[in-house]
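Colleague: Could you take me through one sheet in this model, strand by strand, and tell me what sits on its surface? Keep it relaxed, but spell out your cut-offs.

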Amino acid sequence: MIMPIFKKKLLYCLIAFVLVSSVVGCSQPLLEDVQQTADYTYQIGPGDSVNIFVWGNPELSTSAPVRPDGKITVPLVEELLASGKTPFELARDIEKVLSTYIKSPQVVVMVSGFKGISTQQIRVIGRIGGGGGGAGGGAGGGVGRYQGKSIPYERGMTLLDVIIQIGLNQYADGNRASVIRDVNGELKPFGVRIDDLIDDTDLSANVLMMPGDILIIPDAYF
């Protein structure tokens, strides 16, 4: 009877070792600061409001929301794709259409609302709530256990900037939070240390964010 018991204990030990090894092997590398792109330019997205000014033609100057399909319709310009374009690019496209009706149109496009395209947003899901709701606005929703929110990326934005806008739930485990980032076309998870940043004032944990990042904040274990 001794050998079967020994073998059983050995089997349990081996199983435990494999499980521990798999957890350690799958642990996420910590997110490190990267150089943010210097040529970041905001691109218009669904939900934005575009203000169109046509020089010398006030009857054509107007404002329009960008529809969920990314298009706008304004006087003399119908079903024009706006999403994914910079204000400068959209202005030039409107000029091309208006040139059929007026001579040498000059158009300026200004954006308000600032939701942007998804690849330039920072999306957050998990134990969030409260927060300051910064100037950039944002969209969110969800009920119950987890909440979600998307905020427009701002040049130089850090993890702390995101936390200020979204707030944290009392049940959030900040040091188990993850950022999913596109690295050379592949989505990869990285760990971040929100609790260390806030509770311990560890500024090394205040990493730079990138357009398109997804921040996931899980439950704390009690």
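**A close look at the sheet**

Modeller: Let's start with β1 and β5, which pair in the antiparallel sense over six bridges. Two strands count as paired if DSSP finds at least two bridges between them. Strands are DSSP runs of E with at least two residues, helices are runs of H or I with at least four, and both are numbered from the N terminus. Bear in mind that this is a predicted model: local features need pLDDT of at least 70 and side-chain atom pairs pLDDT 80 or more, while totals for chains, interfaces and linings use all residues. Residues are numbered from 1 along each chain as its sequence is written, and side-chain values use heavy atoms, with hydrogens and water left out.

Now zoom out to the sheet. It is open and has three strands in the order β2-β1-β5, with antiparallel pairing. β2 (62-65) and β5 (107-112) are at the edges with a single partner strand each, so each has one side without a neighbour in the sheet. From one strand to the next, the twist averages 25°. Helix α2 (residues 87-98) packs on this sheet and touches β1 and β5; contact here means heavy atoms within 4.5 Å. The direction of α2 makes about 135° with that of β5. For such angles, axes are lines fitted to C-alpha atoms (for helices, over the stretch in contact), and values run from 0 to 180 degrees between N-to-C directions.

Next, pick out Phe53. Phe53 belongs to strand β1 (residues 49-54) and stands opposite Val108 in β5. Is Phe53 buried or exposed? Neither: Phe53 counts as partly exposed because its relative accessibility is 38%, and that class lies between buried (under 20% relative accessible area) and exposed (over 50%), with a 1.4 Å probe and protein chains only.

Phe53 and Val108 also share a nonpolar surface patch with Trp55 and Met110, and together the four have about 440 Å² of accessible area. Areas come from the Shrake-Rupley method with a 1.4 Å probe, and for residues only the protein chains shown count as cover. Patch members need over 30% relative accessible area and no salt bridge; like charges are joined within 9 Å, and nonpolar side chains (Val, Leu, Ile, Met, Phe, Trp, Tyr) within 5 Å. A salt bridge is a side-chain nitrogen of Lys or Arg within 4 Å of a carboxyl oxygen of Asp or Glu.

For context, the protein chain has four helices and 11 strands, and 35% of its 222 residues count as buried.
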